[in-house]
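These are my notebook entries on a structure that is new to me. I set down what I looked up, entry by entry.

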Amino acid sequence: EEGSDICAWYGITCKEGSTVESILLGSNHLVGSVPKEIYGLSNLKTLSLYSNPIEFSFEGIGEATNLETLSLDSTKLRSLSGIGAGLSLVDVDIRFNQLSGPISPELQSLTNLETFTASVNAFTGPIPDFSALRKLTTIRLSDNRLTGTLPSFSRQAGLTALDLSNNDLSGPIPTSFLAAVPPTQTLFLDLSENVLTGTVSGNLTRFSDVTIYLRDNHFNGIDAALCTQSKWNEGDVGSFSCDGILCPAGTYSVIGRASSSGATCEACSLNSYYGGSTCGSSSATSLARPGVLSLLIFGVTFFMALAL
């Protein structure tokens, strides 16, 4: 309505002086294209449009010099072209979209980025060089089609959560993996359902409190030093030793390891690698994408979004 106060509109929050600071319109049945003029809101800090079938472009995002949080999960986002101009971005969520091809190198420009969530898309190629993004604390790239070796992430001293599960990453865990992260940091790591090989590195023993998922890879051993990390996996390593990290070859468990929740490592002569979650086949290769796990995560996240 002409003359109405924009700060009184649904989903709009303003700061003193009646300038728009946040737009919170997630899961509101919005359709059509988001006008680029939205970036002209000079004090806009948060733009949350998740779970709307909208068309979205990053053209003009450089004008939004205070924009920090961008939630575009479960929209119709198809391209990251132009995102590199969003230099103030801190938290970007683009999961559950139609993004494909290599992850845009424009992300290297987002040096203030702390959280990047891009799970459940169709990204291909290697994980890009994130070395310039030293403020990153959370990286979620699960359920894509990423290939190549596992990066070391050796320059992200503040990293606390890394989820690269259900991709096609190969090779060993690098010896410099998470080299800059302090030993006192509590970590969440999910590298499950890839094609990682070798022995799970003993370099990780410097961390005392880690939740780590490694099931359904091609590991052939665990460094014995890891098996004494009693706090790992919420105490399961203290209770089950190496089995609390991965079940050994010749066995399997529904979660790939033993757990106080009741999971145990059962005999299975067909499994030649550590951490099998089925007997005779790996869910990393036998399930068609997006897979049972991906669909489950999608459903839970979607309905949680609706509840917000």
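Entry 1: a starting residue.
Where is the place of glutamate 114? I found glutamate 114 in the loop between strand E8 (100-101) and strand E9 (115-117). I note that the model is predicted. I then looked up the cover of glutamate 114: its relative accessibility is 34%. Glutamate 114 is therefore partly exposed, as the value lies between the 20% limit for buried and the 50% limit for exposed. Leaving aside residues up to four places away in sequence, I listed what glutamate 114 touches: Val90, Lys135, Leu136, Thr137 and Thr138. I also looked up a C-alpha separation: glutamate 114 and leucine 133 are 19 residues apart along the chain, and their C-alpha atoms are separated by 8.0 Å.

Entry 2: the chain as a whole.
I recorded 3 helices and 20 strands in the chain. The chain has 308 residues, and 46% of them count as buried. The accessible surface is about 13900 Å², and carbon and sulfur atoms hold 54% of it. Among contacts with a separation of 6 or more, I noted that 36% are between residues 24 or more positions apart.

Entry 3: confidence.
I looked up the pLDDT before going further. The mean for the chain is 91, and 90% of the residues reach 70 or more. Over residues 283-308 the pLDDT is below 50, although this stretch has 31 contacts in the model beyond near neighbours in sequence. Where pLDDT is low, predicted coordinates should not be read in detail. I therefore do not read the coordinates of residues 283-308 in detail.

Entry 4: the open sheet.
In which order do the 10 strands of the open sheet stand? I wrote down the order E1-E2-E4-E6-E7-E9-E11-E13-E15-E17, with mixed pairing. Strand E1 (12-15) and strand E17 (210-213) are the edge strands, each pairing on one side only. Direction ignored, neighbouring strands of this sheet are turned by 10° against each other on average. I followed one pairing at the E17 edge: strand E15 (residues 187-190) and E17 pair in the parallel sense over 4 bridges. Within this pairing, valine 210 in E17 is the bridge partner of leucine 187. As a general point, strands of a sheet pair through backbone hydrogen bonds, either parallel or antiparallel.

Entry 5: further parallel pairs.
I next followed strand E16 (residues 195-200). Strand E14 (residues 170-171) pairs with E16 in the parallel sense over 2 bridges. In this pair, serine 170 stands opposite valine 195 of E16. E16 is also joined to strand E18 (residues 218-222) by 4 bridges, and these two strands run parallel. Here I found threonine 197 opposite histidine 218 in E18.

Entry 6: salt bridges.
How many salt bridges does a search of the whole structure find? The search gives 8. In general, side chains of opposite charge can pair when their charged atoms come close. I looked up several of the pairs.

The first pair I noted is glutamate 21 with lysine 45, whose side chains meet at 3.9 Å, N to O. This pair links distant parts of the chain, 24 residues apart: glutamate 21 lies in strand E2 (residues 19-24), and lysine 45 in the loop between strand E3 (32-33) and strand E4 (46-48). Glutamate 21 is partly exposed at a relative accessible area of 22%, and lysine 45 is partly exposed at 35%.

I turned next to glutamate 55 and arginine 78, which meet in a salt bridge at 3.3 Å, N to O. This pair too links distant parts of the chain, 23 residues apart: glutamate 55 is in strand E5 (residues 54-55), and arginine 78 is in the loop between strand E6 (69-71) and strand E7 (91-93). Glutamate 55 is partly exposed at 32% relative accessibility, as is arginine 78 at a relative accessible area of 45%. I also recorded that Glu55, Lys76 and Arg78 are linked in a network of salt bridges.

Aspartate 93 and arginine 95 form another salt bridge, with the closest N and O atoms 3.0 Å apart. Is aspartate 93 buried or exposed? Aspartate 93 counts as buried because its relative accessible area is 10%, under the 20% limit. Its partner, arginine 95, is partly exposed at 23%.

Notes. Residues numbered from 1 in each chain as written. Predicted model: local features only at pLDDT ≥ 70, side-chain atom pairs only at ≥ 80, totals over all residues. Heavy atoms only, no water. Buried < 20%, exposed > 50% of the residue type's maximum accessible area, 1.4 Å probe, protein only. Contact = heavy atoms within 4.5 Å. Areas by Shrake-Rupley, 256 points an atom, 1.4 Å probe, with all protein chains shown as cover. Pairing = 2+ DSSP bridges. Axes fitted to C-alpha atoms, helices over the stretch in contact; angles between N-to-C directions. Salt bridge = Lys/Arg side-chain N within 4 Å of Asp/Glu carboxyl O. pLDDT = per-residue confidence, 0-100.
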